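Q: Got a minute to go through a model with me? I'd like to start with the pocket and then move on to the rest.

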Amino acid sequence: MIQPIIQYPDKRLWQKSKDITKFDKTLHTLLDDMYETMISKEGIGLAAIQIAVPLNALIINLLDEETQAQKKEDLLEIINPYITKKSGQTTFQEGCLSVPGFFEDVKRYEYITIEYQDRFGAKHIKDLDGLLSIAVQHEIDHLLGHLFIEKLSYKQRKKFEKEYKKAQKK
Ligand code: QAP
Ligand code: CO
């Protein structure tokens, strides 16, 4: 089922999510709901807390390079992730379904290594680069209770506040 997405400044976005211990039907329903909700809003990444569930689960579904469409077979479901290596620096114009309509350049690590589990509890280790590395860092920040707008420069933050106030008036 499509679930409502929590939006800034909802306090729940600042809470730390907890590790998942049961890889059961409840988890599978959560992951399926996250996927439906993300696709319905044309997102490429979503953390469980964005649909009000404070658990360490995130999904990513980047566009296929050739067709520019999202293929479900490319869907990554990442449970209980942590970054074990990070290096380099890259900048990308990020957005977030919890901060709709706002996009700004954010600095991230270029390369990361993550350890995580899949929906069945099996453990995986992956080296990531490119947009996938950026997306995973953005979503892991959600699990830790952080939003990309916290990483903005003073000038970028002023732009955000101005645009946010303007959008509220409508
Ligand atoms: C996270 O973000 C991400 O404001 C996923 O009006 C960010 O899917 C991954 C979206 C940066 C990689 C790089 C945002 C859609 C989607 C909006 C999203 C909007 C419509 C954001
Ligand atoms: Co986000």
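A: Sure. One definition before the pocket: Ala, Val, Leu, Ile, Met, Phe, Trp, Tyr, Cys and Pro count as nonpolar, Asp, Glu, Lys and Arg as charged, and the others, Gly among them, as polar. Also, this is a predicted model.

Q: Fine. How many nonpolar, polar and charged residues are in the lining of the largest pocket?
A: Twelve are nonpolar, eight are polar and four are charged.

Q: And what volume does the largest pocket have?
A: About 500 Å³. It is lined by 24 residues, and those closest to its centre are Ile 44, Gly 45, Glu 94, Gly 95 and Cys 96.

Q: Which element gives the largest share of the lining?
A: H2, with six residues. S4 and H2 each supply at least two residues of that lining.

Q: On to the metal. Which residues coordinate the cobalt ion?
A: The cobalt ion (ligand 2) is held by three donors: Cys 96 through SG, His 138 through NE2 and His 142 through NE2. The distances run from 2.1 to 2.3 Å. Cys 96 is also among the residues closest to the centre of the largest pocket.

Q: How are the donor residues spaced in sequence?
A: The pattern is C-x41-H-x3-H. Cys 96 and His 142 are 46 residues apart, so that pair links distant parts of the chain.

Q: Where do Cys 96 and His 142 sit?
A: Cys 96 is in the loop between strand S4 (90-94) and strand S5 (104-108). His 142 is in helix H2, residues 130-143.

Q: Is Cys 96 buried or exposed?
A: Buried, because its relative accessible area is 11% and the cut-off for buried is under 20%. His 142 is buried too, at 1% relative accessibility.

Q: What about Ala 135, where does it lie?
A: In helix H2. Ala 135 is buried, with a relative accessible area of 10%.

Q: How far apart are Ala 135 and Leu 62 in space?
A: 8.9 Å, C-alpha to C-alpha. In sequence they are 73 residues apart.

Q: Zooming out. How many helices and strands are there in the protein chain?
A: Three helices and seven strands. From the N terminus the order is α-β-β-β-β-β-β-β-α-α.

Q: What radius of gyration does the protein chain have?
A: 16 Å. A compact globule of 170 residues would have one near 15 Å, so the chain agrees with that. The C-alpha trace spans about 45 × 35 × 35 Å along its principal axes.

Q: What percentage of the residues count as buried?
A: 43% of the 170. As for contacts with a separation of 6 or more, 62% are between residues 24 or more positions apart.

Q: Now backbone oddities. Which residues does a cis peptide bond join?
A: Tyr 8 and Pro 9, with omega about 5°. Pro 9 is in the segment before helix H1 (25-40).

Q: Why flag that, or a positive phi?
A: Because most residues other than glycine have a negative phi, and most peptide bonds are trans.

Q: So what phi does Glu 42 have?
A: A positive one, about 60°, although Glu 42 is not a glycine. It is found in the loop between H1 and strand S1 (45-47). Glu 42 counts as exposed, at 73% relative accessibility.

Q: And what phi does Ala 52 have?
A: About 75°, also positive. Ala 52 is in the loop between S1 and strand S2 (57-60). At 35% relative accessibility, Ala 52 counts as partly exposed.

Note on methods:
Residues are numbered from 1 along each chain as its sequence is written. Chains are lettered from A and ligands numbered from 1 in the order in which they are written. This is a predicted model: local features need pLDDT of at least 70, side-chain atom pairs count only at pLDDT 80 or more; totals for chains, interfaces and linings use all residues. Side-chain values use heavy atoms; hydrogens and water are left out. Donors are N, O and S atoms within 2.8 Å of the metal (3.2 Å for Na, K and Ca); water is not among the atoms, so sites may look incomplete. Helices (H or I, at least four residues) and strands (E, at least two) are DSSP runs, numbered from the N terminus. Buried means under 20% relative accessible area, exposed over 50%, partly exposed in between (1.4 Å probe, protein chains only). On a 1 Å grid over the protein atoms alone, a cavity is a set of points where a 1.4 Å probe fits but cannot get out, and a pocket is an open set with protein on both sides within 12 Å along at least five of seven lines; lining residues have an atom within 4 Å of a point. Grid points are joined across faces, edges and corners, and a volume is the space filled by probe spheres set on the points. The radius of gyration is taken over C-alpha atoms; the globule rule is 2.2 Å times the number of residues to the power 0.38. Contact means heavy atoms within 4.5 Å.
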